[in-house]
Structures are given as structure tokens and as C-alpha cells.
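Here's a quick back-and-forth for anyone who likes to poke at a fold piece by piece. Have a look at the chain first, then follow the questions.

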Amino acid sequence: MNMEERIARINALYHKSQKEGLTAQEKEEQARLRKEYVASIRGNLKSQLDQITIENPDGTLVNLGEKFGKCRSKDQG
């Protein structure tokens, strides 16, 4: 299932939940699809950050992927 199909299914489950409610199986599917979607967004953002390097006023270069990857590791540990 590609990302567009996942988003369409997430939306369909949301609308069904508002109209008539979801079965336990559909709730599990919705949670799984949302988790996959968020993981994909995070992966895409990380990939973009890995491609960005900023030059500080003192001339040092900072790769945003490395900078924020290290901050995230500290926050989780």
C-alpha cells in the first residue's frame, strides 16, 4: 500500500468513526496506519535535514540532521 492509499484509508476510517463507529479490528488498523504515516513523515524530515548544512557566523558548518539527531538521542536516553 503506497502513501496515498494509506492516507485515503486513514481518512475513510476517520469518517466512518464519526458516522457509525469502528470495530475493534478497524481501530487497530487505524492506529497501525497512523503509526506508519507518522514514521514515514519523520523519516522524510530526517532525510531532508541530513541534506542541509548551515554555516555559522564563525565559519563552522553544522549539518542539521546530525545536530537534531544527537538532540533527539539525548532526549530519549
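Q: How many salt bridges does the count come to?
A: This is a predicted model, so the pairs come from computed side-chain positions. To get counted, a side-chain nitrogen of Lys or Arg has to sit within 4 Å of a carboxyl oxygen of Asp or Glu. By that rule, the count is five.

Q: Which residue does Glu29 pair with in a salt bridge?
A: The closest N and O atoms of this pair are 2.9 Å apart. Glu29 sits in helix 2 and its partner in helix 1 (residues 3-19), so the bridge ties together distant parts of the chain, 20 residues apart. The partner of Glu29 is Arg9.

Q: Is Arg9 buried, partly exposed or exposed?
A: Buried would need under 20% relative accessible area, and exposed would need over 50%. Arg9 comes in at 29%, so the label is partly exposed.

Q: Which residue meets Arg32 in a salt bridge at 3.1 Å, N to O?
A: Look along helix 2, where both partners lie, four residues apart, or about one turn of the helix. In an α-helix there are 3.6 residues a turn, so residues three or four places apart point the same way. The residue that meets Arg32 is Glu36.

Q: What are the relative accessibilities of Arg32 and Glu36?
A: Both values fall between the 20% and 50% cut-offs, so each residue counts as partly exposed. For Arg32 the value is 43%, and for Glu36 it is 27%.

Q: How far apart, N to O, are the side chains of Asp50 and Lys46 in their salt bridge?
A: These two are four residues apart in helix 2, so about one helical turn separates them. Asp50 is partly exposed at 32%, and Lys46 is partly exposed too, at 38%. Their side chains meet at 2.7 Å.

Q: Which residues are joined into one network by salt bridges that share partners?
A: A network like this comes from salt bridges with partners in common. One of the pairs already covered, Arg32 with Glu36, has both its members in it. The full set is Arg6, Arg32 and Glu36.

Q: Which residues does Asp50 touch, not counting those up to four places away in sequence?
A: Asp50 is found in helix 2. One of its contacts is 13 residues away in sequence, yet 6.6 Å away in space, C-alpha to C-alpha: that's Asn63. The whole list is Asn63, Gly65 and Glu66.

Q: Which residues is Gln30 in contact with, leaving aside its neighbours within four places in sequence?
A: Gln30 lies in helix 2 (residues 24-50). At 10% relative accessibility it falls under the 20% cut-off, so Gln30 counts as buried. Its contacts are Leu13, Tyr14 and Leu22.

Q: Which residues form the nonpolar patch on the surface?
A: Together they have about 300 Å² of accessible area. Helix 2 gives the most, with three residues. One member, Val38, has its place in helix 2 and is partly exposed at 36%. The members are Ile7, Tyr37, Val38 and Ile41.

Q: How far apart are the end C-alpha atoms of helix 1?
A: Helix 1 has 17 residues, and the expected span is 1.5 Å times one less than that number, so it should come to 24 Å. The model agrees, with the end C-alpha atoms at 24 Å.

Q: Which residue reaches a side-chain oxygen to the backbone nitrogen of Glu4?
A: This happens at the start of helix 1, where the oxygen comes to within 3.0 Å of that nitrogen. At the other end, helix 1 is followed by Gly21, whose phi is positive, near 95 degrees. The residue reaching to Glu4 is Asn2.

Q: What pattern does the protein chain follow along the sequence?
A: There are three helices and two strands to place. Of the 77 residues, 14% count as buried, and the accessible surface comes to about 6,300 Å², with 51% of it belonging to carbon and sulfur atoms. Read along the sequence, the pattern is α-α-β-β-α.

Definitions and conventions: Residues are numbered from 1 along each chain as its sequence is written. This is a predicted model: local features need pLDDT of at least 70, side-chain atom pairs count only at pLDDT 80 or more; totals for chains, interfaces and linings use all residues. Side-chain values use heavy atoms; hydrogens and water are left out. Buried means under 20% relative accessible area, exposed over 50%, partly exposed in between (1.4 Å probe, protein chains only). Contact means heavy atoms within 4.5 Å. Patches are made of residues with over 30% relative accessible area and no salt bridge: like charges are joined within 9 Å, nonpolar side chains (Val, Leu, Ile, Met, Phe, Trp, Tyr) within 5 Å. Accessible areas come from the Shrake-Rupley method with a 1.4 Å probe; for residues, only the protein chains shown count as cover. A polar contact is a pair of N or O atoms within 3.5 Å; within protein, one must be able to donate a hydrogen and the other to accept it, and residues adjacent in sequence count only if both atoms are side-chain atoms.
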